[in-house]
Amino acid sequence: MPGPIPRAPAIPHHIVVVDDDAGVRTLLARILRECGYDVTGAADGAELATTLGERKIDLILLDIMLPGENGLDLCRTIRARSRVPIIMISARGQESDRVAGLDLGADDYIAKPFGRSEVLARVRAVLRRAHDVHVPLDIPAPERFDFAGWNYHARRRELIAPSGAEVELTAAEHELLLALVRYPQRMIGRDRLLELARSRVGSSTDRSVDVLISRLRRKLGDGRKSRPLIRTVRGVGYMFAADVTVA
């Protein structure tokens, strides 16, 4: 009898490393390739654009300090037309740049100098969030959350405004919103919110949660409301103040 049919190997994730420093590109490429990723290097926005036009990309590692169009400008341009996950690379001490990158839609950041373990951990976490379209196993059976005229479909990862328009969210924003609507009317500390959302993007002292909350508030139109959906609980964290029904 013929033997079992061999299974085709899994297609590796394609990661693009954008950095004008050839040494950094080579180092990151080696770290990623050793773990089975398919890596393409780019020295600037022009080379990145060429790769974007040629192949599917699963993740972009994007340095902030680039010649010509810098990483923040490139992040803004990419996010305007694509949901591809982005991890910003910045020099240690440039907190304002890291916050700006998150505010523009980046999913995480890596500070220079970086270690191999940190790079791989952040890459795995972002790819997991981006490609896991299923609700985590501990989520209750309901998959749709309705609040204040909004509809959030957790499994489909869709946020529908009262007008019927779909509001695009990044992977980190999806997980943060899901954590909030699962526990309405309850105060949630920043550290606990990061744990629930599974999207820790820096040390416990950084502003990553505040940036993500600010982005969610803008997309939910909270800035124009006297009673915002997401309330700040000073010294504690945040609360999703709206009534939530599940279906």
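Here is a chat between a student and a tutor about how the labels on this predicted model are earned.

Student: Let's start wide. What makes up the secondary structure of the protein chain?

Tutor: The protein chain has eight helices and 13 strands. Of its 247 residues, 48% count as buried.

Student: Which strands form the open sheet with parallel pairing, and in what order?

Tutor: Five strands, in the order β2-β1-β3-β4-β5. The edge strands are β2 (38-42) and β5, and each of them pairs on one side only. On average, neighbouring strands in this sheet are turned by 20 degrees against each other, direction ignored.

Student: How do you know that β4 and β5 count as paired?

Tutor: Two strands pair if there are at least two bridges between them. Strand β4 (residues 86-91) and β5 have five bridges, in the parallel sense, so they pass that test. One spot to look at is Met-88, which stands opposite Tyr-109 in β5.

Student: And what joins β3 to β4?

Tutor: Strand β3 (residues 59-63) runs parallel to β4, and four bridges join them. Here Leu-62 stands opposite Met-88 in β4.

Student: Which strands does helix α1 touch?

Tutor: Helix α1 (residues 22-34) packs on this sheet and touches β1 (14-18), β2, β3, β4 and β5. Its direction makes about 170 degrees with that of β2. Helix α3 (residues 71-79) lies across β3 and β4, and runs at about 170 degrees to β4.

Student: Why is β5 called mostly covered?

Tutor: Strand β5 (residues 108-112) has five residues, and four of them are buried.

Student: Now the antiparallel sheet. What is its strand order?

Tutor: That open sheet has five strands in the order β9-β8-β7-β6-β13.

Student: Why do β9 and β13 stand at the edges?

Tutor: Each of them, β9 (166-167) and β13 (245-246), has a single partner strand, so one side of each is left without a neighbour in the sheet.

Student: How do you know that β6 pairs with β13?

Tutor: Count the bridges: there are two, in the antiparallel sense. The cut-off is at least two, so the pair qualifies. Phe-145 stands opposite Val-246 in β13.

Student: What joins β6 to β7?

Tutor: Strand β6 (residues 144-147) and strand β7 (residues 150-153) run antiparallel and are joined by four bridges. In β7, Phe-145 has Tyr-152 as its bridge partner, while Asp-146 has Asn-151. The two strands form a hairpin with two residues between them, and Ala-148 in the turn has a positive phi of about 50 degrees.

Student: Which helix packs on β6, β7 and β8?

Tutor: Helix α6 (residues 171-182) touches those three strands, β8 being 158-160, and its direction makes about 70 degrees with that of β6.

Student: What makes α6 mostly covered?

Tutor: The count is 12 buried residues out of 12. Among them are His-174, Leu-176 and Arg-182.

Student: How do you know that the reach of α6 is close to what is expected?

Tutor: From its first C-alpha to its last, α6 reaches 17 Å, against an expected 16 Å for its 12 residues.

Student: Why is Val-209 called buried?

Tutor: Buried means under 20% relative accessible area. Val-209 has 6% relative accessibility, so it counts as buried. Val-209 is found in helix α8 (residues 208-220). Leaving aside neighbours within four places in sequence, Val-209 is in contact with Arg-190, Leu-193, Leu-194 and Tyr-238.

Student: What about Thr-51: buried or exposed?

Tutor: Buried, because its relative accessibility is 8%. Thr-51 lies in helix α2 (residues 45-54). Beyond neighbours within four places in sequence, Thr-51 is in contact with His-14, Val-16, Thr-40 and Ile-57.

Student: Why is Cys-35 called partly exposed?

Tutor: Exposed means over 50% and buried means under 20%, with partly exposed in between. Cys-35 is at 37%, so partly exposed is the label. Cys-75, by contrast, is at 0% and therefore counts as buried.

Student: How many disulfides does the structure hold?

Tutor: Zero. A disulfide needs a pair of cysteine sulfur atoms within 2.5 Å, and the structure has zero such pairs.

Terms used: Residues are numbered from 1 along each chain as its sequence is written. This is a predicted model: local features need pLDDT of at least 70, side-chain atom pairs count only at pLDDT 80 or more; totals for chains, interfaces and linings use all residues. Side-chain values use heavy atoms; hydrogens and water are left out. Contact means heavy atoms within 4.5 Å. Axes are lines fitted to C-alpha atoms, for helices over the stretch in contact, and angles run from 0 to 180 degrees between N-to-C directions. Buried means under 20% relative accessible area, exposed over 50%, partly exposed in between (1.4 Å probe, protein chains only). The expected span of a helix is 1.5 Å times one less than its number of residues.
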